[in-house]
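Good morning, colleagues. Please look at the structure on the screen while I take you through a few of its contacts.

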Amino acid sequence: MDSPGEGSTSPSPAPDIHPSAIASAHTTNAALSDQPKPKPKRKRNRAILSCQPCHDRKQQCDRSQPCKRCVARGAQELCRYDRSIVQMARNSESERFQTFQRFSQLDRVVPTSTGGLEPTALLGLETLIQLVQATTGGLAVRNISNSAIPDQHTTPVDHAVQAAAAALGQLSQQAPNHPNLGYGQMADFMSHTHDGHGHTPSALSALAELRTHFPNHAITGHLLYFFFNHSSMPWLWVVVHKPTFDTCFLAFSSGHHPPSLDFIALLAMMCTTSLQFLPESPADASIFADYEAGRVVLKQRLYDFSRSVLHDDVLFPTLERVEALLLLAVYQLNEGNIAAYYNTTGITIRMAQSLNMHQEPDPQKFGIIQAETRRRIWWSLFILDCLQCLMLLRPHAIHEQHCNVTLPSNLSQIDIQEGPMCTYPSTHVTEQTFHILQIHWAKLMRRMWERCFASQIPSYKSILDFEEEIRKFERDLPTSFRSQTTQTAVNMPYLLFQNRITTLQIYHARAILLRPILLIKNSPTGETGLSNFHQSARSVCIAFSKRLLAWQLVVQNQADRSQLRWSDFVIRIFDAAVIFSVAIITDPQDSQNDELFEWILIAHYLLKDLTICSPLATSAIRILENIQRHPQITNISASNVTPTAIIPDRYLERATFTLAQSQPSIVDLLGDQAYVDPLWDNEQLAVFTRRYPSAEVLCSGADPQAVLLFLDGCGS
């Protein structure tokens, strides 16, 4: 989100693109509140509105260009106006044009986002659009650039545009610490436009139904409070800068600065995200008592509205649009709509690049707060882009050689201020520490993708190098991040969750790196050194798949249910189950296959526990049950064990035992001397050209037999 605080009260030159509504509102609000009030003047200098010749002659001027008196005198070329007046006129016309653009955009969005309205409400809505278009139609064809001087009399067009702007400005916050503030809804925009033009209530009476399709002030305030204080979204993704967000609410509530439609979409996505993470409970009956359709319908309506606004083509994107799109992408991933998530991520990256967010922001131009906010949002997009490479097995969209953005400061949001700042070292844990660690992790995963899973065939030495890089990343994690005192856990509840996520990421990466080697069947006549490498890699891959499920079992047993909404949990569990299945099929005589089948059942149990939290879990269970019926898996001795026989306490003991074991590595199993063996440099692992099923197999519409066909190929 755009930050205010330019530190100056004088108007700045017009930017190359339309400024963010948040930035303008915040800047003016800060200027009004922070700057000392000037002493009142005894005499006000009146602006000269007439052209210079008429002013010198003390004659009435009609303020056209050129004016009629200058034309009558044959001195058109001398008709000049004061520059400040011309600039005021241009600014006024620009503001009105931007407002009309916002209304036009809303005009396109409304039919899509209200598709579920009753026929009477839709009829009333269409009537409203026609009435407003009739009064604003002249503005659409008006040549803004040729109108240097404002009209002396206010036109109906001005009334219509100003009414729309005022209506869009009815958004504000209602939270426990701001009880007097509340968000208006899209219905407020329509009612204000109606009131501004004096239309009869009977013409738009059906639109009263529309107000019930959006949350009231109390519900909106509750959802925003949950978003910032209880959801895990801000813990993992740095999207919204809360201090700036709060300041903008206060500025908008003053009525001087109407928020853009992009800001309203951001607000809607924040509420939608809260509804996604907010667990259903008996308290819902009282929280959503004023919303008769229920929270499920509310979430869908807010999502439809946001998606319609954010996917609309715009010439001048804003920072809040990028923020809202990032939230939309994460929301779609957690809803299991991976195709939409992939497309939205690409749109968000391109839009951020169009705002030059891939270039280091200039604090002199943006201010320190906004510059830091831009860095954090850009690096969040970088992380999202890198991590989807291994999840979807697709190339990344951001190239590091095209970016020069420095890493964000290791500061909590409250510590970012306009003025000199001293960032903390990496050993000092703040709200931003996890995000910085994720940037380094994303860079490592990007290199691993490019070297091992893209178009290149990796060598054995490459596998050893990346295994060591992952181990080094884990060793270098700050001690205060990995282990917290009781007091730290109370003051920083996000640290424990972030630590758990980081551990799961490391275990998953270790397994993903080595799982292609499971597809190699050792030959008795093969090279001894390579056979030992394959067997060691197999053991390490299986060990970390077990550790992954063991740690996931601990997380699901201890974490709050609202923290389990992330689809990443389901994807990692599913990947581990597929690894166990491949291990059984490629080596059916292995003595540990009975145990591996039990780990598949543990994965089934974990997924079943997540069905309430994640839509992807149901798809994963369906595929996993088909895997369990695979002929080569049902033939093992533990095939008589069913998922219903699982005893959670028993598997918690197994998880504790598994996590207590030392973490193996290929080098440890082969010996230190084996690491420098020149054999690893000369041999390539062609098996890495084969692809494991990606997370897309869990989406609706995917081929349900894709995983089984892959497993059949493993046994051939």
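I begin with a salt bridge between the side chains of D262 and R321, where the N to O distance is 2.9 Å. The two partners come from distant parts of the chain: D262 belongs to helix α11, residues 261-277, and R321 to helix α14, residues 319-334, with the two positions 59 residues apart in numbering. I should state at once that this is a predicted model.

Are these two residues buried or exposed? D262 has a relative accessible area of 6%, which is under the 20% limit, so D262 is buried. R321, with a relative accessible area of 0%, is likewise buried.

How many salt bridges does the structure hold? The total is 28.

A second one joins the side chains of E360 and R375, at 2.8 Å from N to O. Here too the pair links distant parts of the chain, 15 residues apart: E360 lies in the loop between α15 (338-354) and α16 (363-366), and R375 lies in helix α17, residues 368-392. The partners differ in their surroundings, because E360 is partly exposed at 29% relative accessibility, whereas R375 is buried at 11%. This pair also belongs to a network of salt bridges, in which E360, E372, R375 and R376 are linked.

A further salt bridge is formed by R475 and E468, whose closest N and O atoms are 3.0 Å apart. E468 has a relative accessibility of 31% and therefore counts as partly exposed.

Let me turn to a polar contact. The side chains of T244 and H241 are joined at 2.6 Å. T244 is located in helix α10, which covers residues 242-253. With a relative accessibility of 1%, T244 counts as buried.

Finally, I come to helix packing. Two packed helices are described by the angle between their axes and the distance between the axes. For helix α24, residues 567-586, and helix α25, residues 593-609, the angle is about 160° and the axes are 9 Å apart. Since angles over 145 degrees count as roughly antiparallel, α24 is roughly antiparallel to α25. Their crossing is left-handed.

Which residues meet between these two helices? On the α24 side they are V570, I573, A577, F580, S581, A583 and I584. Their counterparts in α25 are N593, L596, F597, W599, I600, A603, L606 and L607.

Thank you for your attention.

Terms used: Residues are numbered from 1 along each chain as its sequence is written. This is a predicted model: local features need pLDDT of at least 70, side-chain atom pairs count only at pLDDT 80 or more; totals for chains, interfaces and linings use all residues. Side-chain values use heavy atoms; hydrogens and water are left out. Helices (H or I, at least four residues) and strands (E, at least two) are DSSP runs, numbered from the N terminus. Buried means under 20% relative accessible area, exposed over 50%, partly exposed in between (1.4 Å probe, protein chains only). A polar contact is a pair of N or O atoms within 3.5 Å; within protein, one must be able to donate a hydrogen and the other to accept it, and residues adjacent in sequence count only if both atoms are side-chain atoms. A salt bridge is a side-chain nitrogen of Lys or Arg within 4 Å of a carboxyl oxygen of Asp or Glu. Axes are lines fitted to C-alpha atoms, for helices over the stretch in contact, and angles run from 0 to 180 degrees between N-to-C directions. Angles under 35 degrees count as roughly parallel, over 145 as roughly antiparallel, 65 to 115 as roughly perpendicular and the rest as oblique. A crossing is left-handed if the near helix is turned anticlockwise from the far one by less than a right angle, and right-handed if clockwise. Contact means heavy atoms within 4.5 Å.
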